[in-house]
Every structure is written in C-alpha cells, then in structure tokens.
Amino acid sequence: MNEIKVGLLGLGTIGTGVAKLLMTNADLIAAKVGARITLKKIADLEVTTDRGIALPAGVLTTNADEVLTDPEISVVIELIGGYEPAKRFVLKAIENGKHVVTANKALLALHGEEIYPAAARKGVEVLFEAAVGGGIPVISAIRGNMAANNFSTVFGILNGTCNYILTRMTKEGVDFADVLKKAQELGYAEADPTFDIEGVDTAHKLALLVSLCFGTRVNFSDIHTEGISSLSSVDIKFARDFGYKIKLLAIGKRDGDRVEARVHPTMIPVNNPLADVDGAFNAIRFTGDFIGPVMFYGRGAGMDPTASAVVGDIIEVSRNIVAGIGRRCAPLGYRDEAVATLPLKPMGEIESKYYIRFSAVDRPGVLARISGILGKYNISIESMVQSGRMAGEEVPIVIMTHEARESDVRTALDEIDTFDIITQKSQVIRIEDNLE
C-alpha cells in the first residue's frame with residue numbers, strides 16, 4: 001500500500017495543527033509508516049477563513065458526509081469537540097468501517113459505552129491519545145508499556161487553565177477573579193471558562209484514566225467534581241504556611257472491589273513532584289504494582305503538542321493498515337468482555353485530612369463552639385490558627401484535622417454554618433499527604 005487517505009472533521013486550532021503536521025512532516029511520517037498519509041478531505045462549517053496553511057484545491061468542504069462516506073478514506077479524525085454532532089459523526093464513521101482518531105474527552109467520557117461496542121462490531125480502532133494531557137503520551141503508555149501492571153492510584157493535574165490560575169495566585173498573592181481575567185486576555189481561558197474552572201474538563205479526563213487504569217466503566221455523572229472558583233488568596237497563603245500547595249487534582253484510587261474517582265482542589269505537600277507542576281503544564285502520576293510510581297509531565301494543551309498526539313494515533317492505525325491488521329487493541333486496553341463495572345465509592349465514605357477555614361465574629365467562646373461540634377462528629381483537630389484579634393469583627397479561623405470521614409465533616413460544617421457568629425460559608429479543602 002503506497003497511500004493511506006484520511007479525512008478530518010474540524011479545522012479549528014487543533015485541526016489546523018494536524019493538517020500542518022501531516023503536510024510538513026509527510027516524508028518523515030511515510031518513512032516510519034511505509035505508506036504516504038494523504039489528507040483527502042477536511043470538513044468544517046467555515047471554509048473561507050485563512051488558517052495560515054496552503055491546502056490543495058478541493059480538500060475543504062462544509063459537508064461532513066464527504067469525509068464519512070468516502071470509500072477511499074480509511075481514517076476519520078474528529079476534532080470538532082462537544083457531544084453533538086460529534087457523536088453522530090463518529091458512529092457513522094465507524095458504521096462505514098473507518099478507524100477513528102479523536103481528541104474529544106467529553107464525547108468519550110459520556111458516550112464511550114456506545115462508541116466502543118460499535119467499533120468492536122465493525123473491527124475498527126478508536127484512538128484518543130490527545131484526549132488526556134495533550135502531547136503527553138500517557139494513554140499509549142497505559143495501554144502499552146505499562147499494561148502488565150495492576151494500578152492502585154492515578155493522580156493528575158489535567159487542566160492548564162486552572163493550573164495557570166493557581167500558579168499565579170500562589171506566586172503573586174492575587175485573587176482568583178483577577179487572574180482569571182488575565183488568563184482570558186492571554187488566551188489561556190475561554191470567554192466562558194465554566195468547564196475548566198468548575199472541574200468538568202478535568203473530570204472528563206479522569207473518567208478516561210480510571211477506565212484505562214482499572215478496567216472499569218465509569219459513569220461520568222457519578223464523579224464528584226468541584227472547581228477552583230471559591231478559592232481565595234487567603235487559602236493559598238495558609239496552605240503555604242502549613243507546607244502545602246493547592247492544585248486542582250484528579251484522583252483515582254482502586255479500593256478493593258470499588259473505585260474512587262473525584263476532582264477537587266487539594267492540598268499536596270510542597271516536596272511532592274506534583275507541587276512543582278506550574279503554569280499551563282499538566283502532569284499525571286501513577287502507581288503500578290511492578291513499575292512503582294511513575295509521573296508524566298508536559299504541555300497539556302495547545303496546537304502543536306495536541307496535534308503531535310493526534311498524528312501519533314494516525315501513524316499507529318496506519319501501520320496496522322499497512323500490515324493488513326484491522327482492530328489490534330480495544331480502546332481501553334482490555335478485551336471488551338473483560339471490562340468490568342466497578343462501583344464508585346460514595347464521596348461520603350472518603351476519608352481524608354481537611355483544611356477548614358471559618359469566617360467568624362471574634363467573640364468569647366467561638367473556638368469552643370466550633371471545636372465542640374467537630375468533636376461531636378468524631379473530627380479530631382490537628383492544629384488551629386486564628387488570625388488577628390479584633391473583638392466584634394470578622395476573623396478567619398483555620399483548622400487542620402486528622403483523618404476524618406467526608407460525611408461527618410459535611411454534617412458538622414452544615415451545623416456550624418448556621419451559627420450566628422459565622423459570617424460566610426466555611427471553606428473546605430482536602431489534603432493528600434500520600435500520593436503513592
């Protein structure tokens with residue numbers, strides 16, 4: 001086979017990067033694959049915008065069916081994002097016997113259970129290296145070189161926007177709203193940053209990582225998800241004083257026959273390698289029974305790193321085509337019939353150490369009332385700090401707890417927050433001292 005023809009859905013930032021890479025390094029790719037990869041058709045709603053690349057005449061179209069139904073196209077690259085029409089296009093490509101390469105973590109997190117069996121029935125591949133960590137080759141490592149390991153944990157800093165914001169807050173002492181505005185001006189954050197700052201994007205990626213690491217189906221809606229919008233520079237400062245940094249952390253753990261999957265701001269020790277992941281960078285840390293702890297680090301987004309991951313998947317499936325192989329590996333790295341449905345551990349049963357910040361009126365007996373309620377619900381105090389003493393005015397009270405049960409902490413805080421001495425809802429951040 002001298003040529004493999006591929007089709008692209010979506011010519012946005014990442015799609016442009018993919019087209020550019022396929023054309024720029026065409027000779028190099030052909031030398032590695034054994035066939036030339038040709039971008040036959042690109043479907044996009046906007047075909048008049050100059051993307052800065054010179055495409056051959058007739059390649060661009062506004063009709064996705066020209067990609068999905070062309071019998072010469074062997075691989076469809078889906079880069080339009082979102083749920084629809086991406087889901088419909090991917091399923092149609094599969095039904096027409098085409099391999100699929102995508103960067104769409106949201107689509108796979110919500111609809112993978114429909115897409116993966118469809119690919120199995122047609123004997124085609126669904127590859128999605130770029131869906132988690134941009135250019136970091138984490139998915140191929142899980143499915144490939146690390147496949148012999150039983151994984152016990154996966155921790156990730158998976159959203160560059162949030163990590164950029166938290167890094168600025170930590171280094172400069174500025175508040176969330178100010179950094180978010182700057183991030184939007186610099187293009188690190190979308191005009192509507194909700195998916196990023198509220199943890200949804202991170203939860204999409206965690207759903208894929210948990211499925212890959214633990215061989216289980218994950219209902220995305222069951223993943224406990226919190227964002228960073230409620231964090232204050234005060235919390236950043238207290239964290240530093242206690243020897244921690246705050247990161248938006250994706251946490252996956254195997255707990256017997258159950259799995260933990262949660263996304264929330266987390267205090268991690270300053271001497272942990274994840275604490276040094278700053279700016280728009282991503283990192284994913286695994287622990288396997290034979291390989292031990294492993295961490296991947298790099299650019300988690302952007303045109304070039306993400307395009308590199310997408311084209312890497314195209315190369316992988318093209319090598320299979322050249323070798324006469326159809327579907328070599330199931331999307332999650334497990335045989336389809338071996339994928340389990342392990343229940344998620346309810347968030348209320350999670351046990352952790354906690355940072356709790358109260359805003360309270362400075363009156364005699366305040367600390368006694370708060371500590372009394374915590375003790376009532378079996379929450380043991382490790383340390384306590386009260387900043388400032390201005391009788392009758394609001395002061396922050398910070399408590400670090402020993403390990404406690406999430407449901408107990410929530411019940412206690414619900415009760416404390418009703419006190420007339422509490423001026424605003426308490427701030428809670430979980431602490432992960434052991435990231436092995």
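**Exercise 1.** Find the bridge partner of Ile-42 in strand 3, and then place strand 3 in its sheet.

*Solution.* The bridge partner of Ile-42 in strand 3 is Leu-60, where strands (E, at least two residues) and helices (H or I, at least four) are DSSP runs numbered from the N terminus. This is a predicted model, in which local features need pLDDT of at least 70 and side-chain atom pairs count only at pLDDT 80 or more, while totals for chains, interfaces and linings use all residues. Residues are numbered from 1 along each chain as its sequence is written, and side-chain values use heavy atoms, with hydrogens and water left out.

As a next step, take the strands as wholes: strand 2 (residues 36-43) pairs with strand 3 in the parallel sense over two bridges, and two strands count as paired if DSSP finds at least two bridges between them. The open sheet has six strands in the order 3-2-1-4-5-6, with parallel pairing. Its edge strands, each pairing on one side only, are strand 3 (60-61) and strand 6.

**Exercise 2.** Determine which strands helix 1 touches and what angle its direction makes with that of strand 2.

*Solution.* Helix 1 (residues 13-24) packs on the sheet and touches strand 1 (3-9) and strand 2, contact meaning heavy atoms within 4.5 Å. Its direction makes about 150 degrees with that of strand 2; axes are lines fitted to C-alpha atoms, for helices over the stretch in contact, and angles run from 0 to 180 degrees between N-to-C directions.

**Exercise 3.** Work out how Tyr-116 and Phe-128 are arranged, and which parts of the chain they tie together.

*Solution.* The structure holds four aromatic pairs, and rings of Phe, Tyr and Trp (its six-membered ring) pair if their centres lie within 6.5 Å, with planes under 30 degrees apart called stacked, over 60 edge-to-face and the rest tilted. Tyr-116 and Phe-128 form a stacked pair, at 6.4 Å centre to centre and 25 degrees between the planes. Because Tyr-116 lies in helix 5 (residues 105-122) and Phe-128 in the loop between strand 6 (126-127) and helix 6 (138-143), the pair ties together parts twelve residues apart in sequence.

Finally, check accessibility, where buried means under 20% relative accessible area, exposed over 50% and partly exposed in between (1.4 Å probe, protein chains only). Tyr-116 is buried at 7%, and Phe-128 is buried at 2%.
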